[in-house]
Amino acid sequence: MSPEREPKHLAVLSAETLRLLNPMPGETWVDCTVGAGGHTRLIGEKLGNTGRLIGLDQDPNMLDLARSRVSGLPIALIHANFDQLADVLANLGIIAVDGVLADLGFCSDQLEQASRGFSFRDDGPLDMRLDPTSGETAADLVNRLSEASLADVFWEYGEERYSRRIARKIVEQRKTKLLATTAELADLVRSCVPRFGGMDPATRVFQALRIAVNDELGALDRLLAALPRIVKPGGRAGIIGFHSLEDRRVKQAFRTVNVWEPLTKKPVTADDEEVARNPRARSAKLRVAARKENS
């Protein structure tokens with residue numbers, strides 16, 4: 001990906017995120033998921049020259065893409081997953097910060113690269129790694145896991161009702177030919193799962209594999225567990241999730257009454273105007289909490 005290309009991704013719930021998080025000049029903040037730099041830029045502008053901003057992303061391509069958008073800000077861009085945040089801050093000599101934001105959604109620029117394997121819209125290698133420099137690919141998983149393990153992945157991470165049928169089909173298929181591309185997997189799923197409404201039958205399987213490949217829910221659990229030690233008393237934490245598996249975890253964590261004061265009783269969602277402008281905002285759910293002063 002060329003870092004000079006203008007990012008296509010639009011940050012979701014930008015106005016609501018800034019209003020609820022309320023970053024102030026001179027504060028220290030972390031954007032755990034820099035992506036194309038949309039939220040990062042907005043937070044950095046609020047912090048001003050006296051503030052400090054740390055931007056993390058596990059995809060080095062995204063950091064390259066965002067670099068021009070955040071130029072001129074007091075920011076350190078670091079290649080790391082957000083579950084490494086405590087170690088990153090320790091290495092920078094930072095004990096605690098005033099605020100943290102994590103947008104758990106995918107960047108449009110990632111989804112539109114067939115070579116990354118996140119989408120079945122265009123054929124590409126069955127990869128799905130957020131960090132393309134390490135770890136097993138989706139092809140590795142579908143060609144290695146047992147039928148029972150595959151079914152568990154599709155059910156637990158995709159809530160796919162035909163998980164066992166799909167797993168059985170994959171195991172049968174790989175006896176003669178290993179799955180290697182997004183089109184091969186999508187066609188296999190479509191061959192054994194009926195279509196309901198407008199959603200492609202392969203959608204839930206692709207979500208499940210992506211979550212498994214990147215240990216997304218495990219990383220989120222580790223971030224949520226670390227936040228009370230990372231955010232200063234009076235500081236704020238905001239998480240933007242995109243499906244119920246994420247939102248349930250955030251909701252439960254922010255209900256820890258001796259640590260957090262929820263600033264959103266219900267998740268904040270996009271209005272009709274934003275959805276019309278950016279259809280991917282339709283699923284976004286923002287929850288924000290403040291760490292209690294005496295916690």
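**Close-up 1. Asn22, a partly exposed loop residue.** With a relative accessible area of 40%, Asn22 counts as partly exposed, because that label covers everything between under 20% (buried) and over 50% (exposed). This is a predicted model, so keep that in mind for every view here. Asn22 sits in the loop that runs between α1 (14–21) and β1 (28–31). Check its backbone too: phi of Asn22 is near 55°, a positive value in a residue other than glycine.

**Close-up 2. Glu159, another loop residue with a positive phi.** Here we're in the loop between α7 (147–158) and α8 (163–173), where you'll find Glu159. Its phi is about 50°, and Glu159 is not a glycine. Is Glu159 buried, exposed or partly exposed? Its relative accessibility is 37%, so Glu159 goes down as partly exposed.

**Close-up 3. Phe120 and Phe206, an edge-to-face pair.** The structure holds 2 aromatic pairs, and this is one of them. To describe a pair of aromatic rings, you give the distance of the centres and the angle of the planes. For Phe120 and Phe206, the centres are 5.0 Å apart and the planes stand at 80°. Why does that make the pair edge-to-face? Because the planes are at 80°, and planes over 60 degrees apart get that name. Phe120 belongs to the loop between α5 (108–111) and α6 (138–144), while Phe206 is part of helix α10 (residues 203–214), so the pair ties together parts that are 86 residues apart in sequence. As for exposure, Phe120 is partly exposed at 23% relative accessibility, whereas Phe206 is buried at 4%.

**Close-up 4. Phe254 and Trp260, a tilted pair.** In this pair the ring centres lie 5.5 Å apart and the planes meet at 55°, so the pair is called tilted. Phe254 is buried, with a relative accessible area of 4%. Trp260 is buried as well, and its value is 3%.

**Close-up 5. Helix α3 and its buried residues.** Which residues of helix α3 (residues 60–67) should you look for as buried? They are Met62, Leu63, Leu65 and Ala66. These residues span an arc of only 165° around the axis, which means they sit on the same side of α3. Now slide along to the N-terminal end of α3, which is capped by Asp59. A side-chain oxygen of Asp59 lies 2.9 Å from the backbone nitrogen of Asn61.

Methods:
Residues are numbered from 1 along each chain as its sequence is written. This is a predicted model: local features need pLDDT of at least 70, side-chain atom pairs count only at pLDDT 80 or more; totals for chains, interfaces and linings use all residues. Side-chain values use heavy atoms; hydrogens and water are left out. Helices (H or I, at least four residues) and strands (E, at least two) are DSSP runs, numbered from the N terminus. Buried means under 20% relative accessible area, exposed over 50%, partly exposed in between (1.4 Å probe, protein chains only). Rings of Phe, Tyr and Trp (its six-membered ring) pair if their centres lie within 6.5 Å; planes under 30 degrees apart count as stacked, over 60 as edge-to-face and the rest as tilted. The arc is that of the directions from the helix axis to the C-beta atoms. A polar contact is a pair of N or O atoms within 3.5 Å; within protein, one must be able to donate a hydrogen and the other to accept it, and residues adjacent in sequence count only if both atoms are side-chain atoms.
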